[in-house]
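Trainee: Could we go through this structure together? I would like to begin with the metal site and then turn to the fold.

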Amino acid sequence: MVEECLFCRIASGEIRSDVIYQDDEFFAFRDINPQAPTHVLIIPITHVDSLNEISDQQENLMGRMVIIAKKLAEKEGIAKSGYRLVLNCGSEGGQVVPHLHLHLIGGRKLNGKIG
Ligand code: 5GP
Ligand code: ZN
């Protein structure tokens with residue numbers, strides 16, 4: 001855990017959040033500023049700054065994160081209607097919080113495609 005990291009503090013329970021999933025390795029909670037009826041953030045509990053710091057050996061971690069997103073989409077009732085997974089990396093990629101996270105967004109017709 002990185003003491004000054006917002007998402008590490010959320011995953012540890014030190015900062016309250018609306019938790020919707022938790023296991024030994026991942027934590028998922030509702031975004032504080034939702035962009036759609038469903039807006040969930042899925043994070044690894046282990047601190048990783050961004051996708052840039054993911055090694056080849058961590059491909060399973062990324063795979064599991066996407067599978068959790070898929071299952072949460074089902075649980076949220078948006079699997080059929082559709083949803084978007086967003087992974088922002090770095091400042092020009094729109095990443096604000098430097099702890100790797102996957103956005104699961106859905107529940108309405110989403111605008112645009114990319115960028
Ligand atoms: P990014 O722009 O880094 O990809 O996404 C960061 C997300 O974290 C934003 O959608 C923002 O609304 C969300 N966020 C920032 N601070 C908090 C917080 O304290 N609690 C929760 N639940 N979400 C947060
Ligand atoms: Zn962190």
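Mentor: The discussion below takes up the metal site, the sheet and one helix residue in turn. Please keep in mind that this is a predicted model.

Trainee: Which residues coordinate the zinc ion (ligand 2)?

Mentor: The zinc ion (ligand 2) is held by the SG atoms of C5 and C8 together with the ND1 atoms of H47 and H99. The coordination distances run from 2.0 to 2.3 Å.

Trainee: And why is the arrangement called tetrahedral?

Mentor: The 4 donor atoms subtend angles of 106 to 116 degrees around the zinc ion (ligand 2), and this makes the arrangement tetrahedral. Four donors count as tetrahedral if all angles lie between 85 and 135 degrees.

Trainee: What spacing do the donors follow along the chain?

Mentor: The pattern is C-x2-C-x38-H-x51-H. C5 sits in the segment before α1 (6–11), while H47 belongs to the loop between β3 (38–44) and α2 (59–75), so this pair ties together parts that are 42 residues apart in sequence.

Trainee: Are those two, C5 and H47, buried or exposed?

Mentor: C5 is buried, with a relative accessible area of 7%. H47 has a relative accessible area of 22% and is therefore partly exposed, because buried means under 20%.

Trainee: Changing topic, what is the strand order in the sheet?

Mentor: The sheet is open and has 5 strands in the order β1-β2-β3-β5-β4, with antiparallel pairing. β1 (19–22) and β4 (83–86) are the edge strands, each pairing on one side only. On average, neighbouring strands are turned by 15 degrees against each other, direction ignored.

Trainee: How many bridges join β2 to β3?

Mentor: There are 5 bridges between β2 (residues 26–30) and β3, and the two strands run antiparallel. Within this part of the sheet, R30 stands opposite V40 in β3.

Trainee: Which strands does α2 touch?

Mentor: α2 packs on the sheet and touches β1, β2, β3, β4 and β5 (102–106). The direction of α2 makes about 155 degrees with that of β3.

Trainee: Let us look at A73, then. Where is A73 found, and is A73 buried or exposed?

Mentor: A73 is found in helix α2 and is buried, with a relative accessible area of 0%.

Trainee: What does A73 touch, leaving out residues up to four places away in sequence?

Mentor: With those left out, A73 touches I78, A79, Y83 and L104. As for F27, 46 residues from A73 along the chain, the C-alpha atoms of the two are separated by 15 Å.

Key. Residues are numbered from 1 along each chain as its sequence is written. Chains are lettered from A and ligands numbered from 1 in the order in which they are written. This is a predicted model: local features need pLDDT of at least 70, side-chain atom pairs count only at pLDDT 80 or more; totals for chains, interfaces and linings use all residues. Side-chain values use heavy atoms; hydrogens and water are left out. Donors are N, O and S atoms within 2.8 Å of the metal (3.2 Å for Na, K and Ca); water is not among the atoms, so sites may look incomplete. Four donors count as tetrahedral if all angles lie between 85 and 135 degrees; four count as square planar and six as octahedral if opposite donors are over 155 degrees apart and all others between 65 and 115; anything else is irregular. Helices (H or I, at least four residues) and strands (E, at least two) are DSSP runs, numbered from the N terminus. Buried means under 20% relative accessible area, exposed over 50%, partly exposed in between (1.4 Å probe, protein chains only). Contact means heavy atoms within 4.5 Å. Two strands pair if DSSP finds at least two bridges between them. Axes are lines fitted to C-alpha atoms, for helices over the stretch in contact, and angles run from 0 to 180 degrees between N-to-C directions.
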